[in-house]
Amino acid sequence: MAWDFETDPEYQRKLDWADEFVREEVEPLDLVWEHEQFVPLEGARRAAIEPLKKQVREQGLWATHLGPDLGGQGYGQLKLALLNEILGRSSWAPIVFGCQAPDTGNAEIIAHYGTAEQKRRYLQPLLEGELFSSYSMTEPQAGADPTRFTTRATRDGDDWIINGWKFFSSNAKTAAFLIVMAVTNPDVSPYQGMSMFLVPTDTPGIDIVRNVGLYGEPLDGGSHALIHYDNVRVPAEALLGGEGQAFVIAQTRLGGGRIHHAMRTIGLAQQAVDMMCERALSRETAGSRLADKQFVQGYIADSYAQLAQFRLFVLNTAWKIDKYNDYKKVRKDIATAKIIMPTVLHDIAWRAMQVHGALGTTNEMPFFRMIHGAGVMGLADGPTEVHKGTVAKQVLRDYQPTDGMWPTQWIPAKQQAARAKFAEFLEHEAGNL
């Protein structure tokens, strides 16, 4: 038996350090420099944050999503999952630990598919945390459906010329470069006819029309760009991977990232549980504590059960990724984690908000931010409904239709077969009557 639900002591010490470090040193950054995580460091922010990054490096926890050849630790997905659970409590924590999205996924695909020059120009500064990047894939008319993409890149001598529109290119306004997905061969399947390009954001023809904000942010004050690519000329060496490889590269990028998102969501949901329990023990109404009300007890029990199940499932999925070293073999479980994630966060945050009463609905508590985040998670990296279709197709591969009229578990037929199996005993029993 190889079952083990304990973390090895050496890594557990690192997790314990990270837990205290994030709580004491990193979470306060969320209150002082909110929404500035993806603004290049300078002045007071650089002075405050660079020493924190140094401590993370000294602990061997910097950019842990990458292998040793790229400055990471090669810890694997299970260890990453446990760390990301802690980092999920703070918006600044991924920056301080060098593993912020979308830069982690962008770094991974440049590491896998980039040329030596592309790695020198884009990957190394990205790994050092000295610049940010943007993944420019989805389009206004198509969302995340690549079969509906219309942004084109056409060859012109030694260059490519990009034309089209991209929507929700997160962090484009502060990014040093974009990874642009464009149709390069419209005459074949979209899955073979699209390519990716590394494009500096100061390239002529890139027009950030507006920066869409999430709910509660000012118009044009968000970080999700609508971009018009108007005859954007890039050299041939801007191509990432081979021509027509965009879809394969995209799948490489998204697999591990979905598990990281799931574990960070678990850390955030645990915060909501913690706040709900504290409130239940602290507040009295109608003659007793909220903790003594069965309705509130139900909220707490449901939240604990929901989060515990999800956490174990995600950790098991991370373990499978490490075991098989092949995202395709774990595709069903990764998609399932993506399906469950927004519901878990929404449900727990909503219950915690209810327990806090009117205060829970205000901007003085974080619950509506969590609830809104759950909605975002239901769409990011592919809509929940698309993943449900993926999971269903994967599950159905393990089954076969029946040949006859009745289901295989039809009781009359099974009973008849069982009686035939034990016929000699039944006959002997009848003879003794």
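Let me begin with the lining of the largest cavity, which by class has four nonpolar, five polar and one charged residues. I should say at once that what we are looking at is a predicted model, and I would ask you to keep that in mind through everything that follows.

Staying with that cavity for a moment, the space inside the largest cavity comes to about 70 Å³, and a search of the whole structure finds three cavities of 30 Å³ or more. If you would like to find the largest one on the screen, look for the residues that line it, which are W62, H65, G98, Q100, D103, T104, A107, L126, L127 and G129. Two elements, α5 (103-113) and α6 (116-127), each give two or more residues to this lining, and the largest share, three residues, comes from α5.

Next I would like to turn from a cavity to a pocket, and specifically to the second largest pocket, whose volume is about 630 Å³. Its lining is made up of 15 residues, and those that lie nearest the centre of the pocket are D4, F5, E6, L78 and W319. Here the elements that contribute two or more residues to the lining are α3 and α8, with α8 giving the most, namely five residues. Sorted by class, the lining of this second largest pocket divides into eight nonpolar, two polar and five charged residues.

How do helix α3 and helix α8 lie with respect to each other, in terms of the distance and the crossing of their axes? For anyone new to this, two packed helices are described by the angle between their axes and the distance between the axes. In this model, the axes of helix α3 (residues 77-87) and helix α8 (residues 294-324) come within 7 Å, and they cross at roughly 145°. On the α3 side the contact is made by Q77, L78, A81, L82 and E85, while on the α8 side it is made by R311, L315, A318, W319, I321 and D322. Taken by class, the residues of this contact are seven nonpolar, one polar and three charged. You may recognise two of these names, since L78 and W319 are also among the residues nearest the centre of the second largest pocket.

Let me now move on to charged side chains. Side chains of opposite charge can pair when their charged atoms come close. Across the whole structure, the search finds 19 salt bridges, and I will go through a few of them.

Which residues are linked with D19 in a network of salt bridges? The network joins D19, R23, E24, E27 and R89. Within it, R23 forms a salt bridge with D19, and their closest N and O atoms are 3.2 Å apart. Because R23 and D19 are four residues apart in helix α1 (residues 9-32), about one helical turn separates them. R23 has a relative accessible area of 38% and is therefore partly exposed, and D19, at 27% relative accessibility, also counts as partly exposed.

D19 has a second partner, R89, and the side chains of R89 and D19 meet at 2.6 Å, N to O. R89 lies in the loop between α3 and α4 (93-96), whereas D19 is in helix α1, so this pair ties together parts that are 70 residues apart in sequence. Because its relative accessibility is 18%, R89 counts as buried, the limit for that word being under 20%.

Away from that pair, the side chains of E117 and R120 also meet in a salt bridge, at 2.6 Å from N to O. These two are three residues apart in helix α6, which means that about one helical turn separates them. E117 counts as partly exposed at 43% relative accessibility, while R120 is exposed, with a relative accessible area of 52%.

I will finish with two residues in strands. Is V234, in strand β7 (residues 224-235), buried or exposed? V234 has a relative accessibility of 2%, so it counts as buried, and, leaving out residues up to four places away in sequence, V234 touches D159, W160, I162, F197 and V199. The other residue is N211, which sits in strand β6 (residues 206-212) and, at 12% relative accessibility, counts as buried. Beyond its neighbours within four places in sequence, N211 is in contact with K173, D220, G221, G222, H224 and A225.

Methods
Residues are numbered from 1 along each chain as its sequence is written. This is a predicted model: local features need pLDDT of at least 70, side-chain atom pairs count only at pLDDT 80 or more; totals for chains, interfaces and linings use all residues. Side-chain values use heavy atoms; hydrogens and water are left out. On a 1 Å grid over the protein atoms alone, a cavity is a set of points where a 1.4 Å probe fits but cannot get out, and a pocket is an open set with protein on both sides within 12 Å along at least five of seven lines; lining residues have an atom within 4 Å of a point. Grid points are joined across faces, edges and corners, and a volume is the space filled by probe spheres set on the points. Ala, Val, Leu, Ile, Met, Phe, Trp, Tyr, Cys and Pro count as nonpolar, Asp, Glu, Lys and Arg as charged, and the others, Gly among them, as polar. Buried means under 20% relative accessible area, exposed over 50%, partly exposed in between (1.4 Å probe, protein chains only). Contact means heavy atoms within 4.5 Å. Axes are lines fitted to C-alpha atoms, for helices over the stretch in contact, and angles run from 0 to 180 degrees between N-to-C directions. A salt bridge is a side-chain nitrogen of Lys or Arg within 4 Å of a carboxyl oxygen of Asp or Glu.
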